[in-house]
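Colleague: I should like to understand how the terms used for this model are justified. May I put some questions to you?
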Amino acid sequence: MGTTARDLFIAFDRSRRRSLRVQVEDGLREAIRSGRLRAGTAVPSTRALAADLEVTRKVIVEAYDQLVAEGYLVSRRGAGTVVNQAPQRRPRTRPSPTEPATVKVDFRPGRPDLQLFPRAAWARASRSAMRTLPTRDLAYDDPRGLPVLRGAIADYLARARGTRTDPESVIVCAGFSHGFDLVLGVLDARGHDWMAVEDPGYAGPRRQLAARGLRCDGVAVDGDGLRVDALRRTAARVVHVTPAHQSPTGVVLSAERRQQLITWAREVDGYVIEDDYDAEYRYDRRPVGALQGVAPDRVIYCGTTSKTLASGVRLGWLAVPPQLVDPIVAWRHLTDGSTSTILQATFAAFLAAGDLDRHLRRTRRIYRDRRDAVMTALRRWLPQATPSGVSAGQNVLVTLPAGINEQAVVQRALAIGVRVEPLADYRPRPARSDIPGMVLGYGSVPADKVDHGVRLLARAVDEAGAER
Ligand SMILES: Cc1ncc(COP(=O)(O)O)c(C=O)c1O
């Protein structure tokens with residue numbers, strides 16, 4: 001027998017600010033996660049649940065659609081909607097092309113070379129941390145992190161990124177996505193349920209917003225970065241941006257746009273979330289300073305070790321406006337408490353020994369050589385492509401002449417052993433008229449493999465064109 005609305009125990013409160021749809025979604029998600037609703041159980045029809053909860057049917061239809069997209073529910077024609085066999089936590093994305101037997105060259109973006117991880121220096125830092133970490137620091141920590149590390153991060157940021165912060169406003173976390181989630185938790189509770197993201201832009205924030213039931217608008221990016229005039233046309237008062245090296249176009253947010261963005265944040269009493277994910281790698285000019293340095297009261301700065309060291313380290317930091325410190329601390333008490341003190345002490349020792357600077361000096365040369373190899377290979381094998389975002393980071397955006405089918409190229413490339421990411425993955429709503437493109441990450445591709453990879457990619461472009 002199927003369930004009735006009564007069995008679902010959805011905590012439903014009309015006086016709450018959270019939308020009714022989100023409350024229904026949360027209630028069902030919780031019932032499935034906790035095992036109260038088992039795989040295969042039929043949920044009530046949208047009509048029946050709407051009638052029981054006294055809401056419009058649209059509210060229930062949208063909630064079910066979201067849970068189907070996340071993999072919690074499945075809809076079967078004629079059989080209604082049932083709890084999925086293996087509920088998935090991640091929202092469903094486009095089906096991935098078939099995996100080839102061997103990937104010869106992996107140009108997936110956002111991956112530093114893990115072989116370059118400074119194991120010896122890290123082991124030294126770890127030993128030093130174990131020798132010196134006071135016993136009391138093995139207990140629950142200040143949610144912001146160890147003072148010694150916060151001090152070292154504040155110094156590093158001021159020196160390397162031109163930020164203006166102090167150790168009191170630094171919060172150590174498990175990388176960008178965790179820091180962003182902490183910020184979302186606080187801003188959501190303060191009524192920011194609509195945010196803006198770059199278009200094209202990194203998909204992570206979009207997915208995190210969706211998972212929290214928050215809405216977002218994509219705002220166009222041009223040669224100067226985010227278009228603040230377009231941002232003004234949205235209802236958002238918070239925006240996620242990548243000012244130093246826009247993901248994926250690589251554009252630097254111009255001085256004029258920076259000013260406009262800060263003026264906007266002040267006018268709407270909002271915040272700019274600055275994702276400084278790969279700013280340490282800048283090859284052709286002096287480092288571009290962080291936006292946070294211009295307006296520490298309006299910019300929430302996020303840094304990570306995922307591109308410089310390894311994403312498995314799970315370590316990052318926020319530098320937040322002073323008025324957000326206490327709310328984030330309070331929120332963190334309720335969530336993960338704090339970052340491992342052992343990891344923090346190790347990283348503090350790593351920084352104090354100058355090992356991060358040494359590692360950056362070494363890897364900057366290696367990644368610049370790989371970048372140069374990509375540019376040479378593109379000129380040789382894919383002269384019809386236009387590369388951008390080449391002065392920094394570990395990725396390059398390659399746009400192709402209009403009319404080429406981007407998906408076909410990506411799938412063809414994978415079939416012959418080369419992985420790249422389609423530009424469509426960075427678009428909130430891909431349209432047919434979009435310029436075709438691919439994002440190539442060269443971080444983990446040795447320079448001597450680059451030429452072969454780009455040659456195969458050129459073959460994929462040719463073959464995809466021929467299939468049209
Ligand atoms: C634009 C951008 N921001 C942040 C991150 C890193 O996130 P995290 O620190 O959670 O690993 C990535 C990783 O690919 C990214 O591409």
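Colleague: To begin, in which loop does Pro200 lie?

Modeller: In this predicted model, Pro200 lies in the loop between β5 (194-199) and α8 (203-211). The peptide bond that joins Asp199 and Pro200 is cis, with omega at about 5°.

Colleague: Which residue is joined to Pro248 by a cis peptide bond, and what is omega there?

Modeller: Ser247 is joined to Pro248 by a cis peptide bond, and omega is about 15°. Pro248 is found in the loop between β8 (238-241) and α10 (255-268).

Colleague: Ser247 has been named; which residues are around the ligand?

Modeller: Ser247 is one of them, and the others are Gly175, Phe176, Ser177, Tyr202, Asp275, Tyr277, Thr304, Ser306, Lys307 and Arg314. A residue counts here if one of its heavy atoms lies within 4 Å of the ligand. By class, this shell divides into three nonpolar, five polar and three charged residues.

Colleague: What makes the pair formed by Ser177 and the ligand a polar contact?

Modeller: The cut-off for a pair of N or O atoms is 3.5 Å. An N or O atom in the side chain of Ser177 is 2.3 Å from an oxygen atom of the ligand, so the pair is within the cut-off and counts as a polar contact. The same reasoning can be applied to two further residues. A polar side-chain atom of Lys307 is 2.7 Å from a ligand oxygen atom, and for Arg314 the corresponding distance is 3.0 Å. The protein covers 89% of the 400 Å² of accessible area that the ligand has on its own.

Colleague: Why are α6 and α12 called oblique to each other?

Modeller: Two packed helices are described by the angle between their axes and the distance between the axes. Helix α6 (residues 147-161) and helix α12 (residues 341-352) pack at about 40°, with axes 9 Å apart. Angles under 35 degrees count as roughly parallel, and 65 to 115 as roughly perpendicular. An angle of about 40° belongs to neither class, and α6 and α12 are therefore oblique. The crossing in which α6 passes α12 is left-handed.

Colleague: Lastly, what is notable about phi of Glu54, and where is Glu54 placed?

Modeller: Phi of Glu54 is near 55°, which is a positive value in a residue other than glycine. Glu54 is placed in the loop between α3 (46-53) and α4 (57-69).

Definitions and conventions:
Residues are numbered from 1 along each chain as its sequence is written. This is a predicted model: local features need pLDDT of at least 70, side-chain atom pairs count only at pLDDT 80 or more; totals for chains, interfaces and linings use all residues. Side-chain values use heavy atoms; hydrogens and water are left out. A polar contact is a pair of N or O atoms within 3.5 Å; within protein, one must be able to donate a hydrogen and the other to accept it, and residues adjacent in sequence count only if both atoms are side-chain atoms. Accessible areas come from the Shrake-Rupley method with a 1.4 Å probe; for residues, only the protein chains shown count as cover. Ala, Val, Leu, Ile, Met, Phe, Trp, Tyr, Cys and Pro count as nonpolar, Asp, Glu, Lys and Arg as charged, and the others, Gly among them, as polar. Axes are lines fitted to C-alpha atoms, for helices over the stretch in contact, and angles run from 0 to 180 degrees between N-to-C directions. Helices (H or I, at least four residues) and strands (E, at least two) are DSSP runs, numbered from the N terminus. Angles under 35 degrees count as roughly parallel, over 145 as roughly antiparallel, 65 to 115 as roughly perpendicular and the rest as oblique. A crossing is left-handed if the near helix is turned anticlockwise from the far one by less than a right angle, and right-handed if clockwise.
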